[in-house]
Amino acid sequence: MSKIEEVSGLVIKGKAKLIAAAVQEALDEGNEATAVLDAMIEAMGVVGERFKNNEIFVPEMLIAARAMKKGVEVLKPHLSGGSAGVAGKMIIGTVAGDLHDIGKNLVAMMIESAGFEVIDLGVDVPADKFVEAVRENPDVKVVGLSALLTTTMPAMKETVKILNEQDFRGNIKIMVGGAPISPEFAEEIGADAYTADAASAAQKAKELAA
Ligand code: B1M
């Protein structure tokens with residue numbers, strides 16, 4: 001078994017205590033940090049499939065998520081590197097009712113490494129919290145919303161609607177993403193951009209802030 005396969009297996013089994021060393025070994029063997037990350041993202045896909053098929057339940061999903069987070073901590077210095085703040089300021093959060101944050105955190109990390117100062121509002125963020133954060137940071141250029149559940153897509157729609165009604169709307173761009181989100185949905189709800197993954201989110205944020 002390759003080290004990357006081992007990392008993937010440790011995510012699936014939720015072995016948070018073992019994963020840091022395995023990720024480090026995978027890097028020491030010369031694997032690219034992005035390749036290790038891709039394997040971990042794929043592993044979370046396997047976890048999701050198993051959950052869907054009732055082979056595992058919420059606690060197992062949670063421990064897999066914990067393991068993934070530990071692994072990402074080791075990768076972080078290898079993935080990021082830009083000087084934060086030079087590209088502008090961005091606010092990011094997972095919308096109300098939604099507790100998924102791994103994807104949002106990866107997006108935040110890549111955007112930070114693209115030179116942004118990122119204000120992360122966390123998970124389950126109500127629309128007015130986004131509004132408040134923009135008011136407190138009038139120099140914010142991009143607001144990013146993440147949603148992982150079909151049941152929280154309406155909360156994303158509502159958040160964009162409320163942001164669209166604000167007097168500061170002309171000064172910000174809204175980017176949305178997450179597994180159930182599509183470019184069509186982004187357009188329909190009045191967001192400025194949709195991106196599918198962390199790398200394209202970072203690229204798009206730069207374009208939006210330019
Ligand atoms: Co949940 N969960 N979960 N879960 N969970 C999913 C999303 C699900 C698809 C699993 C499944 O059934 N196959 C399913 C949703 C089904 C649906 O809505 N159609 C689901 C469900 C049902 C639930 C609960 C309802 C389960 C329950 O309680 N019965 C519950 C809801 C809780 C809540 O939020 N209110 C729940 C809970 C959880 C845990 C808390 C246990 C845990 C989350 C822990 C955490 O995040 N800290 C969890 C997990 C781990 C998952 C899966 C297995 C993995 C998610 C993940 O981290 N993926 C997930 C299955 C799956 O995704 N295949 C699943 C890896 C991550 C890197 O990818 O988040 O997609 P992702 O992010 C990507 C892109 O989407 C994109 O870039 C990221 C990086 O490339 N992206 C953006 C994300 N945000 C972006 C923002 C952008 C741009 C791009 O711009 C701003």
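**Notebook: the ligand and its surroundings**

I began with the pockets, and I noted that the space taken by the ligand is the largest pocket. I keep in mind throughout that this is a predicted model.

Next I looked up which residues surround the ligand, and I found 36 of them, with Leu 99, His 100, Asp 101, Ser 146 and Thr 150 as the closest. Sorting the residues of this shell by character, I recorded 20 nonpolar, 11 polar and five charged.

I then asked myself which helices and strands each supply at least two residues of the shell around the ligand. I listed helix H3 (33–52), helix H4 (58–79) and helix H5 (102–113), together with strand S3 (140–146) and strand S4 (173–177). Of the contributions to the shell, I marked that of H3 as the largest share, at seven residues.

My next entry concerns the cobalt atom of the ligand, for which I looked up the protein donors. I found that His 100, through NE2 at 2.2 Å, is the only protein donor of this cobalt atom. Tracing His 100 along the chain, I placed this residue in the loop that runs between strand S1 (88–94) and H5.

I went on to the polar contacts of the ligand, beginning again with His 100, where I noted a polar side-chain atom at 2.7 Å from a nitrogen atom of the ligand. For Asp 101 I wrote down a polar side-chain atom that likewise lies 2.7 Å from a nitrogen atom of the ligand. At Ser 146 I found an N or O atom of the side chain at 2.8 Å from a nitrogen atom of the ligand.

Leaving the ligand, I turned to the salt bridges, of which the structure holds 10. One that I followed up joins the side chains of Glu 25 and Lys 3, with an N to O distance of 2.5 Å. I placed Glu 25 in helix H2 (residues 16–28) and Lys 3 in helix H1 (residues 3–13), so I could note that this pair ties together parts that are 22 residues apart in sequence.

Conventions
Residues are numbered from 1 along each chain as its sequence is written. This is a predicted model: local features need pLDDT of at least 70, side-chain atom pairs count only at pLDDT 80 or more; totals for chains, interfaces and linings use all residues. Side-chain values use heavy atoms; hydrogens and water are left out. A residue is near a molecule or strand if one of its heavy atoms lies within 4 Å of it. A polar contact is a pair of N or O atoms within 3.5 Å; within protein, one must be able to donate a hydrogen and the other to accept it, and residues adjacent in sequence count only if both atoms are side-chain atoms. On a 1 Å grid over the protein atoms alone, a cavity is a set of points where a 1.4 Å probe fits but cannot get out, and a pocket is an open set with protein on both sides within 12 Å along at least five of seven lines; lining residues have an atom within 4 Å of a point. A molecule sits in a cavity or pocket if more than half of its atoms lie within 2 Å of its grid points. Helices (H or I, at least four residues) and strands (E, at least two) are DSSP runs, numbered from the N terminus. Ala, Val, Leu, Ile, Met, Phe, Trp, Tyr, Cys and Pro count as nonpolar, Asp, Glu, Lys and Arg as charged, and the others, Gly among them, as polar. Donors are N, O and S atoms within 2.8 Å of the metal (3.2 Å for Na, K and Ca); water is not among the atoms, so sites may look incomplete. A salt bridge is a side-chain nitrogen of Lys or Arg within 4 Å of a carboxyl oxygen of Asp or Glu.
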